[in-house]
Amino acid sequence: MNKLLIVGTVAFDAIETPFGKTDKILGGAGTYIGLSAAFFNLQSAIVSVVGDDFPQEYLDLLTDRNIDISGLEVVKGGKTFFWSGRYHNDLNSRDTLDTQLNVLADFQPKVPENYKNADVVMLGNLHPLVQSGVLDQLESKPKLVVLDTMNFWMDCALPELLDVIKRVDVITINDEEARQLSGEYSLVKAAAKIHAMGPEFVVIKKGEHGALLFHDSQVFFAPALPLEEVFDPTGAGDTFAGGFAGFIAQSENVSFENMKNAIIYGSNLASFCVEKFGTERMVSLDKQEVVSRLKQFKSLTQFDIEL
């Protein structure tokens, strides 16, 4: 069985949307990626850090889905990373109300010995130095390294971010971040510039408008499934990344054609994530629901045309 190594925050979130608000709930990029990747036939492990205020039930939730947490450090006397945000009415924009790095401030990642030869590495949104620190510990070159990042690191750690970008095969960012990183408004030009920075494949996420995959002169577009209700977009991008990386790890195929499928699988899982607050929907989701919605994606995108 193939191995997927996941790096990312395991955290507490407090979320407010037009549909309601939560107190501290389970969140973090590593959490969403792990829960999403658990739908594939593979071994996965999360490298992250929490404080001893992190509930045992959340740790059990991860292990119950066969996620290895031996690389999840628990700091005695420490507090878990916390983020709080409020979404605007369109759910596409949000205000950060509070960010408490806590144990994340001094995090030194430790890759479990049996994952230093992972087939696929998913570097979730974290400080670029942490992402590089994980790559430095690998004993063999993975078949694929996927990097997710955000504008915050472009603002405060750009040199370090550019260093780690050189070392990855795939980068996933949203359209606003692609424009900032490249200095180009056209997403086609932006993808070409980012490709020149190192990644062979560039995935640009457009939220409710789908995702684009670029590879040299090839382009693929996957729509997002139109949903009746979206409650909370938190974690949707990470769920997408987990589905993308999980499918690639399971299929052992890193071709452009197979990545088209990975984009659809990622989009499919992300469409469930937004239906409830936090990780609630991903926790209750079963495989039959995933397959059923995949059929919806197929009917949405497939057509016959006379040329």
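**Group meeting: a walk through the helices, a strand and two loops**

Okay, let's start with a pair of helices. Helix α6, residues 175–182, and helix α7, residues 187–196, have axes that come within 9 Å and cross at roughly 60°. Before I go on, one reminder: this is a predicted model, so please keep that in mind throughout.

Why do I bring up an angle and a distance together? Well, two packed helices are described by the angle between their axes and the distance between the axes. With the angle we have here, α6 and α7 are oblique to each other. And the handedness? The α6 and α7 crossing is left-handed.

If you want to find the contact on your screen, look on the α6 side for D175, A178, R179, L181 and S182, which meet L187, A190, K193 and I194 in α7. Sorted by class, the residues of that contact are 5 nonpolar, 1 polar and 3 charged.

Now let's move to another pair, α1 and α8. Helix α1 covers residues 29–37, and its axis and that of α8 come within 7 Å, crossing at roughly 45°. That angle makes α1 oblique to α8. This crossing is right-handed.

Who's touching whom? From α1 we have A29, Y32, I33, S36 and A37, and they meet D238, T239, G242, G243 and G246 in α8. The class count for the α1 contact with α8 is 4 nonpolar, 5 polar and 1 charged. You can spot the glycines on the α8 side, G242, G243 and G246, and glycine goes in with the polar group in this scheme.

While we're at α8, have a look at what follows. The loop between α8 (236–251) and α9 (256–273) holds E252. E252 isn't a glycine, yet its phi is positive, about 60°. I point that out because most residues other than glycine have a negative phi.

There's another residue like that, N102. Where does N102 lie? In the loop between β9 (94–100) and β10 (120–123). Its phi is near 50°, again a positive value in a residue other than glycine. N102 counts as partly exposed, since its relative accessibility is 28%.

Let's go to a couple of residues on the inside. First, S44, which sits in strand β5, residues 43–51. Buried or exposed, this serine? Buried: S44 has a relative accessible area of just 2%, and the cut-off for buried is under 20%.

So what surrounds S44? Beyond the residues within four places in sequence, S44 is in contact with L4, I6, N66, I67, D68 and Y115. Take D68 from that list: 24 residues separate S44 and D68 in sequence, and their C-alpha atoms are 6.1 Å apart in space.

My other inside residue is Q131, in helix α3, residues 128–136. Q131 has a relative accessible area of 0%, so it is buried. Setting aside residues up to four places away in sequence, Q131 touches L123, G124, N125, L126, L147, D148 and V164.

Last stop, the cysteines. How many disulfides do we get? The count comes to 0, where a disulfide would need a pair of cysteine sulfur atoms within 2.5 Å. Two cysteines to look up: C156 is partly exposed, at 47% relative accessibility, whereas C273 is buried at 0%.

That's my tour. Happy to go back to any of these spots.

Definitions and conventions
Residues are numbered from 1 along each chain as its sequence is written. This is a predicted model: local features need pLDDT of at least 70, side-chain atom pairs count only at pLDDT 80 or more; totals for chains, interfaces and linings use all residues. Side-chain values use heavy atoms; hydrogens and water are left out. Buried means under 20% relative accessible area, exposed over 50%, partly exposed in between (1.4 Å probe, protein chains only). Axes are lines fitted to C-alpha atoms, for helices over the stretch in contact, and angles run from 0 to 180 degrees between N-to-C directions. Helices (H or I, at least four residues) and strands (E, at least two) are DSSP runs, numbered from the N terminus. Angles under 35 degrees count as roughly parallel, over 145 as roughly antiparallel, 65 to 115 as roughly perpendicular and the rest as oblique. A crossing is left-handed if the near helix is turned anticlockwise from the far one by less than a right angle, and right-handed if clockwise. Contact means heavy atoms within 4.5 Å.
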